[in-house]
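Reader: I would like a close look at one part of this protein, the nonpolar interior and the loop beside it in sequence. Please take it slowly and keep to what the model shows.

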Amino acid sequence: MKKLESMEQFQQLRDQGKHIFMFSADWCPDCRVIEPILPEVEKKYQDFTFIYVDRDQFIDLCGQLDVFGIPSFVAFEDGKELGRFVSKDRKTQEEIEEFIEGLK
């Protein structure tokens, strides 16, 4: 999974192509739980590029997008938000895949 490096990069990715931004943090136990399944999810949904967003590094972006719990997912295609799976709750692989399926 690519890691977001700058706000400029976020804007470029958001506005071009299909991306799912995963908001997370190194200290988040629920984020660590889903880490092992993410490569499988990425492989299954190759029409999206998955981008890791460090919540602590991009706290202003989290505020702009109303992401107040992690792990959370926000999907964009060519500048348009397709959907969001945003909450502070632990997420299962099934829930993440249901969210992605609902984007199509």
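Author: What follows starts with the whole chain and then moves to the core, to one residue in it, and to the loop.

The model is a predicted one. Five helices and five strands make up its secondary structure, and along the sequence they come in the order β-α-β-α-α-β-α-β-β-α. The C-alpha trace spans about 30 × 30 × 20 Å along its principal axes. A compact globule of 104 residues would have a radius of gyration near 13 Å, so the 12 Å of this protein agrees with that. Of the 104 residues, 44% are buried. Among contacts with a separation of 6 or more, 67% are between residues 24 or more positions apart.

Now the interior. In soluble globular proteins, nonpolar side chains tend to be buried together. Here the largest nonpolar core has 18 residues, and those with the most contacts inside it are Leu-4, Phe-10, Phe-21, Phe-23, Val-53, Leu-61 and Leu-65. Two or more residues of this core come from each of α1 (7-15), β2 (18-24), β3 (49-54), α4 (59-64) and β4 (72-77). Apart from it lies another core, of 17 residues, which includes Val-41, Tyr-45, Ala-75 and Ile-100.

Phe-23 is a good place to look from. This residue lies in strand β2. Its relative accessibility is 0%, and Phe-23 therefore counts as buried, the cut-off being under 20%. Leaving out residues up to four places away in sequence, Phe-23 touches Val-53, Leu-61, Cys-62, Leu-65, Val-67, Ile-70, Pro-71, Ser-72 and Val-74. Tyr-52 is 29 residues from Phe-23 in sequence, while their C-alpha atoms are 6.2 Å apart.

Leu-65 can be read from its own side. Beyond its neighbours within four places in sequence, Leu-65 is in contact with Phe-10, Phe-23, Phe-76 and Arg-84.

That leads to the loop between α4 and β4, where Asp-66 is found. Pro-71, one of the residues that Phe-23 touches, has its place in this loop too. The peptide bond joining Ile-70 and Pro-71 is cis, with omega about 0°. Asp-66 has a positive phi, near 55°, although the residue is not a glycine. Most residues other than glycine have a negative phi, and most peptide bonds are trans. Is Asp-66 buried, partly exposed or exposed? Its relative accessibility is 48%, so Asp-66 counts as partly exposed. Another positive phi, about 50°, belongs to Asp-78, again not a glycine. Asp-78 sits in the loop between β4 and β5 (80-85).

For contrast, take the end of the chain. Lys-104 lies in the segment after α5 (93-101). At 59% relative accessibility, Lys-104 counts as exposed, because the cut-off is over 50%. Apart from residues up to four places away in sequence, Lys-104 touches Tyr-45 and Asp-47. Tyr-45 is also among the residues of the 17-residue core. Between Lys-104 and Glu-35, 69 residues apart along the chain, the C-alpha separation is 24 Å.

Last, the surface. The protein exposes about 5700 Å², and carbon and sulfur atoms supply 47% of that area. There are 14 positive and 22 negative side chains, with the centres of the two sets 1 Å apart.

Note on methods: Residues numbered from 1 in each chain as written. Predicted model: local features only at pLDDT ≥ 70, side-chain atom pairs only at ≥ 80, totals over all residues. Heavy atoms only, no water. Helix = DSSP H or I, 4+ residues; strand = E, 2+ residues; numbered from the N terminus. Rg over C-alpha atoms; globule rule 2.2 N^0.38 Å. Buried < 20%, exposed > 50% of the residue type's maximum accessible area, 1.4 Å probe, protein only. Contact = heavy atoms within 4.5 Å. Areas by Shrake-Rupley, 256 points an atom, 1.4 Å probe, with all protein chains shown as cover. Lys, Arg positive; Asp, Glu negative; His and termini not counted. Charge placed at Lys NZ, Arg CZ, Asp CG, Glu CD. Core = buried A, V, L, I, M, F, W, Y, C linked by side-chain atoms within 4.5 Å.
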